[in-house]
Amino acid sequence: MEKKKIVAIHQPNYLPWIGLIHKVFQSDVFIYLSDVKYSSSNFQNKTYILGADGKKSRLTVPLQKKPEMLHEKLISYHSPNQKWKRNHLKQISQVYKKTRHFQDFFPLLEEAYQKQHALLVDLNIHLIELILNYLNYEGETHLSTDFNTSFGKTERLVSLLKQTDGTCYLSGKSGKDYLEEELFRKEGIDLIYQNFIHPVYYVKNETECVKNLSILDWIMNYPADHIKETLTERIN
């Protein structure tokens, strides 16, 4: 029986949470969906790390108001935002400097922030690729802007699957609310929904992790091979 080629598609979020990285590792091909409208309610320019008080602390990349499309969204380096990268690194360092794997990953993060990204998507993709390489993702990644795509939410996804020779589309659970499943069936493409269960891991003083933080929290506390093993476990 021929192995399925699983494709997942998602917007490139800023230092994303574990659920998005899990979706990548459950797929053979991951496509960054960048030519969509920017949404301030999503996590395209924000994430959460652990705060000094043990609760969630938000990091936000400052943006210019226009243009509105995500792949054209410009980062703001104007006053009072000149030091946002330094502040993000400082917050991450202050919270995680005593974790077991801080020295394994933080220098790589520092190096990534040395580049002056003009576009939010370039920053986000750079950081996600850094994470994927660190965790040894063995699939392939592409940009949606590299393909010719159709109009319509489902039609566009089907088009991307066909252009990457995908035989199975891995959707988030919210896809059940809007995907036209019949369009996948007509093209002989299987449709599955992500079955993500947030891992429970333990941090300082054997305290249970705070859920829904950036994957940075897990990376700082656990070895890369352990994280990869958990992310690649097939649960569909």
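**Close-up 1. The outward face of helix α3 in this predicted model.** Let's start with the side of α3 that points away from its buried residues: here sit Gln 103 and Glu 111, both exposed. Helix α3 itself covers residues 102-112.

**Close-up 2. The buried face of α3.** Turn your attention to Phe 102, Phe 105, Phe 106, Leu 109 and Ala 112, which are buried in this helix. Viewed down the axis of α3, these buried residues fall within an arc of 115 degrees, so they line one face of the helix.

**Close-up 3. What the buried residues of α3 pack against.** Three helices serve as partners here: α2 (84-96), α4 (120-134) and α7 (216-221) each pack against the buried residues of α3.

**Close-up 4. The chain around the helix.** Stepping back, you will find 8 helices and 7 strands in the chain. Its C-alpha atoms fill a box of roughly 55 × 40 × 30 Å along the principal axes. A compact globule of 236 residues would have a radius of gyration near 18 Å, and the chain agrees because its own value is 18 Å. Of the contacts with a separation of 6 or more, 62% join residues 24 or more positions apart.

**Close-up 5. Surface and charge.** Buried residues account for 49% of the 236 in the chain. The chain exposes about 12,600 Å², with carbon and sulfur atoms supplying 48% of that area. For anyone thinking about electrostatics, there are 31 positive and 28 negative side chains, and the centres of these two sets are 9 Å apart.

Note on methods:
Residues numbered from 1 in each chain as written. Predicted model: local features only at pLDDT ≥ 70, side-chain atom pairs only at ≥ 80, totals over all residues. Heavy atoms only, no water. Helix = DSSP H or I, 4+ residues; strand = E, 2+ residues; numbered from the N terminus. Rg over C-alpha atoms; globule rule 2.2 N^0.38 Å. Buried < 20%, exposed > 50% of the residue type's maximum accessible area, 1.4 Å probe, protein only. Contact = heavy atoms within 4.5 Å. Areas by Shrake-Rupley, 256 points an atom, 1.4 Å probe, with all protein chains shown as cover. Lys, Arg positive; Asp, Glu negative; His and termini not counted. Charge placed at Lys NZ, Arg CZ, Asp CG, Glu CD. Arc of directions from axis to C-beta.
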